[in-house]
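Work through the exercises below with the model open. Try each task before reading its solution.

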Amino acid sequence: MLSQFDTRFFATLAEVAAQVLDPQDSAIGIARKAAETGAPDDLRMARQALENLPADKRDRLMAETHRRLATDLSAIWDQMPGAPSNGRMN
């Protein structure tokens, strides 16, 4: 089963890919599909598409994806053990 973080990761990856890669690059659609379905084959295809990118594009894509997730307070909050799922403490 796809975790909430995995869904967020692949959705963010797809957003960044749409900005970093050529609009015709198939990796964008593959990442979107992985985020939407969470199917093991789709996740595997997304990881493989990422692997197949040239190192400079892959590194730029991953760096920006990581930056967005690391600065998204709601993503961080959702990963905290014991954090309430229906609202914020503050």
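The exercises go from the overall fold to one helix pair.

This is a predicted model, in which local features need pLDDT of at least 70, side-chain atom pairs count only at pLDDT 80 or more, and totals for chains, interfaces and linings use all residues. Residues are numbered from 1 along each chain as its sequence is written, and side-chain values use heavy atoms, without hydrogens and water.

**Exercise 1.** List the elements of the protein from the N terminus on.

Solution. Take helices as DSSP runs of H or I with at least four residues, and strands as E runs with at least two. The protein has five helices and zero strands. The order reads α-α-α-α-α.

**Exercise 2.** State what share of the residues is buried.

Solution. Buried means under 20% relative accessible area (1.4 Å probe, protein chains only). Of the 90 residues, 30% are buried.

**Exercise 3.** Describe how helix 1 and helix 4 pack.

Solution. Start with the ranges: helix 1 spans residues 4-20 and helix 4 residues 55-70. Their axes (lines fitted to C-alpha atoms over the stretch in contact) lie 9 Å apart. The angle, on a scale from 0 to 180 degrees between N-to-C directions, is about 130°. Oblique covers angles outside under 35, over 145 and 65 to 115 degrees. The pair is therefore oblique.

Next, find the contact residues, with heavy atoms within 4.5 Å. Helix 1 contributes Phe5, Phe9 and Leu13, among others. Helix 4 contributes residues including Arg60, Leu61 and Met62. By class, the contact has nine nonpolar, three polar and five charged residues.

Technical notes:
Ala, Val, Leu, Ile, Met, Phe, Trp, Tyr, Cys and Pro count as nonpolar, Asp, Glu, Lys and Arg as charged, and the others, Gly among them, as polar. Buried means under 20% relative accessible area, exposed over 50%, partly exposed in between (1.4 Å probe, protein chains only).
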